[in-house]
Structure formats: structure tokens, C-alpha cells
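The following exercises concern one molecular model. Please work through each task before reading its solution.

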Amino acid sequence: MDTTLTVVLGIVAMLLPLLVGRLFWKRFDHYFGRNDEVYMDSLEYFLKKIGSTVLIAFIILWIGMSLVFNGNAS
């Protein structure tokens, strides 16, 4: 694969988890909030929200980097 294409795809693979993580963070309340303000203000809820967002972003980053650098070993 051409070096320029690898760099461009690598940048896209690094930015995509940020975008998906941001969307997941914003929509987490809709999916798991249960419309309960007391629950949504708790530490347990915040830790679930941040943990699942980081997990989703890391998995997408892992998949993206694996696809970009698959077969580029010298």
C-alpha cells in the first residue's frame, strides 16, 4: 500500500473513534438513562457512561488500525 494512503487511512482510523465516542456519549442518556434524574446524577451512572464510551472508542480504534496496517510488515 502506498505510504500516503496509509497515512491518510491512519488519520481517519484515529479520528473515527473520537466521532463515534462523542455520538455515543451524547446518546447514552437516551439509551440507558431510564429518565431518572437521581440515577443519572450518580457516580455509578457516570462510570458506566465513561467506561462504555472508552471501550467502544478503543474497539473501533483497534479495528481501524488493524485494517490500515494489515499486511504492511516489511
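**Exercise 1.** Determine how many residues apart Glu-44 and Lys-48 are in helix H3, and what this separation amounts to in helical turns.

Solution. Glu-44 and Lys-48 are four residues apart in helix H3, so about one helical turn separates them. Helices here are DSSP runs (H or I, at least four residues), numbered from the N terminus. The two residues form a salt bridge, with their closest N and O atoms 3.3 Å apart. A salt bridge requires a side-chain nitrogen of Lys or Arg within 4 Å of a carboxyl oxygen of Asp or Glu. Glu-44 has a relative accessible area of 46% and is therefore partly exposed; Lys-48 is partly exposed as well, at 40%. The classes are buried (under 20% relative accessible area), exposed (over 50%) and partly exposed (in between), with a 1.4 Å probe and protein chains only.

The model is predicted: local features need pLDDT of at least 70 and side-chain atom pairs count only at pLDDT 80 or more, whereas totals for chains, interfaces and linings use all residues. Residues are numbered from 1 along each chain as its sequence is written, and side-chain values use heavy atoms, with hydrogens and water left out.

**Exercise 2.** State how many salt bridges the structure holds, and identify which parts the pair Asp-29 and Lys-49 ties together.

Solution. The structure holds two salt bridges. One of them joins the side chains of Asp-29 and Lys-49, at 3.4 Å from N to O. Asp-29 belongs to helix H1 and Lys-49 to helix H3, so this pair ties together parts that are 20 residues apart in sequence. Asp-29 is partly exposed, with a relative accessible area of 27%, whereas Lys-49 is buried at 10%.

**Exercise 3.** Test whether the length of helix H3 agrees with its number of residues.

Solution. Helix H3 covers residues 43–69, which is 27 residues. The expected span is 1.5 Å times one less than the number of residues, which gives 39 Å for H3. The end C-alpha atoms are 38 Å apart, in agreement with that expectation.

**Exercise 4.** Identify which residues of H3 are buried and what they pack against.

Solution. The buried residues in H3 are Tyr-45, Lys-49, Thr-53, Ala-57, Gly-64 and Val-68. They pack against helix H1 (3–32) and helix H2 (37–40). Thr-53, with 10% relative accessibility, counts as buried. Its side chain reaches the backbone oxygen of Lys-49 at 2.7 Å. Beyond its neighbours within four places in sequence, Thr-53 is in contact (heavy atoms within 4.5 Å) with Gly-21, Phe-24 and Trp-25. Gly-64 is buried at 14%; its C-alpha atom lies 8.5 Å from that of Leu-9, although the two residues are 55 apart in sequence.

**Exercise 5.** Decide whether Gly-33 is buried or exposed, and list which residues Gly-33 touches.

Solution. Gly-33 lies in the loop between H1 and H2. With a relative accessible area of 0%, Gly-33 is buried. Not counting residues up to four places away in sequence, Gly-33 touches Phe-28, Tyr-39, Met-40 and Tyr-45. The C-alpha atoms of Gly-33 and Lys-49 are separated by 9.9 Å, and the residues by 16 places along the chain.

How values were computed: Helices (H or I, at least four residues) and strands (E, at least two) are DSSP runs, numbered from the N terminus. A polar contact is a pair of N or O atoms within 3.5 Å; within protein, one must be able to donate a hydrogen and the other to accept it, and residues adjacent in sequence count only if both atoms are side-chain atoms.
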